[in-house]
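Me: I have a model open and want a quick run through the fold, any internal voids and the charged pairs. Can we go through it step by step?

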Amino acid sequence: MLSRPDRTVAILLLAGACSVAAAAEWVDAPLSPETWWEQGAEWKTQTVDIPLAAGMALEHMLRMNEGDMIVYNWTVAMDEPALLTAEFHGHTEQAGDEPGTVMFYTKHKDGKESGSLRAPFTGVHGWYLNNESEQDIVVRLEVAGYFSE
């Protein structure tokens, strides 16, 4: 009789042999238009430390074309993260008296966020940060993708 570690190895080897045999056939799945696309812009990465004095609010925005994508992560070290309101949104540039378009993606008070965005329209997309605490803080934002400032 095989010991427990030897049985585990034997089962894994047998499972591997079965999966190789099953992978001999492939069904070609059609490519949907939302799965892959070529990007004309240059891939960028950026890490920014955004200082926020006690009671201060500001926006950090990125310029993106419709269809451009980013992935991001931001964090803050503060005594009470619930005192930082973070709102991720985007808006078009307004031309004269014409109304612009604004879209709100997320709003919370968790002290951190990770996500991705495919810009629904050409314009600026980013974060409104409101430090409601009595503590000076720094929000660290890491962004990668297709954008300009």
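**Fold, cavity and salt bridges**

Reply: The protein chain has one helix and eight strands. This is a predicted model.

Me: In what pattern do they follow along the sequence?

Reply: The pattern is α-β-β-β-β-β-β-β-β, read along the protein chain.

Me: What percentage of the residues count as buried?

Reply: Of 149 residues in the protein chain, 31% count as buried.

Me: And the exposed surface, how much of that comes from carbon and sulfur?

Reply: Carbon and sulfur atoms supply 56% of the roughly 10,000 Å² that the protein chain exposes.

Me: What about contacts between residues at least 6 apart in sequence, what share joins residues at least 24 apart?

Reply: That share is 79% in the protein chain.

Me: Switching to voids. How many cavities of 30 Å³ or more are there?

Reply: The structure holds one. The largest cavity has a volume of about 30 Å³.

Me: Which residues line the largest cavity?

Reply: The lining consists of Ile50, Trp74, Trp127, Leu129, Val139 and Leu141.

Me: How does that lining divide into nonpolar, polar and charged?

Reply: Six of the lining residues are nonpolar, with no polar and no charged ones.

Me: Which strands each supply at least two residues of the lining?

Reply: Strand S7 (123–131) and strand S8 (137–145) each do.

Me: OK, charges. How many salt bridges does the count come to?

Reply: The count comes to three salt bridges.

Me: Start with Arg140. Which residue does it form a salt bridge with?

Reply: Arg140 pairs with Asp49, and their closest N and O atoms are 2.7 Å apart. Arg140 sits in strand S8 and Asp49 in strand S1 (residues 44–52), so this salt bridge ties together parts that are 91 residues apart in sequence.

Me: How accessible are the two ends?

Reply: Arg140 counts as partly exposed at 39% relative accessibility, and Asp49 also counts as partly exposed, at 42%.

Me: And what does Arg63 meet in a salt bridge?

Reply: The side chain of Arg63 meets that of Glu93, at 2.8 Å from N to O. Arg63 is in strand S2 (residues 57–64) and Glu93 is in the loop between strand S4 (84–91) and strand S5 (102–108), so the pair ties together parts that are 30 residues apart in sequence. Arg63 is partly exposed at 37% relative accessibility, while Glu93 is partly exposed with a relative accessible area of 49%.

Me: Which residue does Glu132 pair with?

Reply: Glu132 forms a salt bridge with Lys109, with 3.2 Å between the closest N and O atoms. Glu132 lies in the loop between S7 and S8, and Lys109 in the loop between S5 and strand S6 (112–118), so the pair ties together parts that are 23 residues apart in sequence.

Me: Is that pair buried or exposed?

Reply: Neither label applies: Glu132 counts as partly exposed at 39% relative accessibility, and Lys109 is partly exposed with a relative accessible area of 37%.

Me: What else does Lys109 touch, leaving out residues up to four places away in sequence?

Reply: Besides Glu132, Lys109 touches Pro81, Ala82, Leu84 and Thr85 under that exclusion.

Me: How far apart are Lys109 and Glu80 in space, C-alpha to C-alpha?

Reply: They are 9.6 Å apart in space and 29 residues apart in sequence.

Methods:
Residues numbered from 1 in each chain as written. Predicted model: local features only at pLDDT ≥ 70, side-chain atom pairs only at ≥ 80, totals over all residues. Heavy atoms only, no water. Helix = DSSP H or I, 4+ residues; strand = E, 2+ residues; numbered from the N terminus. Buried < 20%, exposed > 50% of the residue type's maximum accessible area, 1.4 Å probe, protein only. Contact = heavy atoms within 4.5 Å. Areas by Shrake-Rupley, 256 points an atom, 1.4 Å probe, with all protein chains shown as cover. 1 Å grid on protein atoms, 1.4 Å probe; cavity = no way out; pocket = protein on both sides within 12 Å on 5 of 7 lines; lining within 4 Å. Points joined across faces, edges and corners; volume = space filled by probe spheres on them. Nonpolar A, V, L, I, M, F, W, Y, C, P; charged D, E, K, R; others polar. Salt bridge = Lys/Arg side-chain N within 4 Å of Asp/Glu carboxyl O.
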